[in-house]
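The following exercises concern a single protein chain. Each task is followed by a solution in steps.

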Amino acid sequence: METGESAGGPGGPDGQGIRFGCASFNQDSTSLALGTKTGYKLFSLTTVEKLDCIHESETPDVYIVERLFSSSLVVVVSHAMPQRMNIYHFKKGTEICNYSYPNNILSVRLNRQRLMVCLEDSIYIHNIKDMKLLKTLLNTPSNPSGLCALSINHSNSYLAYPGSATIGEIIVYDANNLSTVTMIPAHDSPLAALTFNGSATKLASASERGTVIRVFSIPEGLRLFEFRRGMKRYVSISSLSFSPDGQFLCASSNTETVHIFKLEQLGPSGEDEAATWSAYVGKMFSAASSYLPAQVSGMMSQDRAFATVHLLMSSQRNVCTLAVIQKLPRLLVATDDGQLFIYNVDPQDGGECMLAHKHRLFGVDDDQGEGTESEGSEVTGPAQTYPSYAATAALPASGPVTATLTGYSEDGGAVKGEVIPEHEFAAGPVCLDDENEFPPVSIQKC
């Protein structure tokens, strides 16, 4: 799953003398992109024991780097030109194109059909095949972190972004048909994290309080699950990610604990529940909830973590993902001190995740302390009535779009509903093995 939140961020801590700028997993978690003060790197995640660096660039001060699945297309934004997005074919070492925007770029999301550029108060939607600007969502609520999520399922291309700067409203937008799908009143406080599952049928969200994570159906926007991360303190959730099969959801924050939740619907008679004391107590809580105040019953209905990981340090901004590596489920955590931790996940019993391997993202791997067991791992409002941006999110077409790039047809996009094989780019004028793909163009201004 795509996990585009950056670890560290601009001005983050130094790792072995190299400032850590960002880290992001690609859409299917087969690759890790790392940005630093001295350049960016792309790693292949095909084995646990070995971390292969497949590309390294000396572009300085990178704070956004996003790779499109396992293709050669990579998007880069640097502090030197924070208003310009560069798209490269890294295997050929050539620039595909670049675009400039009126303000600093805060985040970029992409799938095989669309590319989104998020500024603080606007979102630009491009057709990824010819980089034509299709739509500009202007005057969006202030979004200083650039929070947004794009489904990796290109046949839907749902975009989720905050519908309010003061409460946790989510706008779900259809980036293929360029229309608003729904508004979800997800939380009482502002949003902190968003992510879609692989099939774009579920959307997970967390607020700035960081105590509750909710999962909604897409496109209906109905609440399906509610998970409680903790009650003792508010935290800053920096990353959410579904497993490839959509059955698990991981969450990392500025604390030392990473949580994994299991999405399972129990039958009406509870036949799927294990015959355990905790299951029995859970049934009693559920039966009693109808007699209790809403706040109390809501808290009792929230499920705890299925599995956990206890990192060695807290107060880090990190990024996590769930992936299948060498046919086994794994939890991957990239931390802002320049390390990648790979844990084994037990999909049946959960509990403490065992550390399978750790890698240094800068220089030589730190082999000390590696092993199959984790070190120090432990288990551990009212509706708003005022009008909001959500009611007027679908804006009319915003001015003329950029000219179609030379060599591309304006209607060259994939037909709606077309099935595109995994790890292949959408059929059309762009072919990643074509010598004439994405001819370099001059700066485009949006």
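How many disulfides does a search of the whole structure find?

**Exercise 1. Cysteines**

Solve the question above, then examine C148 and C53.

*Solution.* The model is a predicted one, in which local features need pLDDT of at least 70 and side-chain atom pairs count only at pLDDT 80 or more, while totals for chains, interfaces and linings use all residues. Residues are numbered from 1 along each chain as its sequence is written, and side-chain values use heavy atoms, with hydrogens and water left out.

Step 1. A disulfide is counted when two cysteine sulfur atoms lie within 2.5 Å. The search of the whole structure returns zero disulfides.

Step 2. For C148, the nearest cysteine sulfur belongs to C118 and is 4.5 Å away; C148 is in no disulfide.

Step 3. Burial is judged by relative accessible area: buried is under 20%, exposed over 50%, and partly exposed in between (1.4 Å probe, protein chains only). C148 is buried because its relative accessibility is 3%. C53, at 39%, counts as partly exposed.

**Exercise 2. The chain and its hairpin**

Describe the secondary structure of the chain, then the pairing of β26 with β27.

*Solution.*

Step 1. Elements are DSSP runs numbered from the N terminus: helices are H or I with at least four residues, strands E with at least two. On this basis the chain has two helices and 31 strands. Of its 446 residues, 55% are buried.

Step 2. Strands pair if DSSP finds at least two bridges between them. Seven bridges connect β26 and β27 (residues 328–335) in the antiparallel sense, and I325 has L328 as its bridge partner in β27.

Step 3. Two residues lie between the strands of this hairpin, where Q326 adopts a positive phi near 55 degrees. In β26 (residues 319–325), six of the seven residues are buried.

**Exercise 3. An open sheet**

Which strands stand at the edges of the sheet β14-β15-β16-β17?

*Solution.*

Step 1. The four strands form an open sheet in that order, with antiparallel pairing.

Step 2. β14 (149–150) and β17 (179–187) each have a single partner strand, so one side of each lacks a neighbour in the sheet; these are the edges.

Step 3. β15 (residues 158–162) and β16 (residues 168–174) are joined by five bridges; Y161 has I171 as its bridge partner in β16.

**Exercise 4. Surroundings of L34**

Determine whether L34 is buried or exposed, and list some of its contacts.

*Solution.*

Step 1. L34 belongs to strand β3 (residues 31–36) and is buried, at 1% relative accessibility.

Step 2. Contact means heavy atoms within 4.5 Å. Not counting residues up to four places away in sequence, L34 touches residues including F20, F43, V65, L361 and F362.

Step 3. L34 and G338 are 304 residues apart in sequence, with a C-alpha to C-alpha distance of 9.1 Å.
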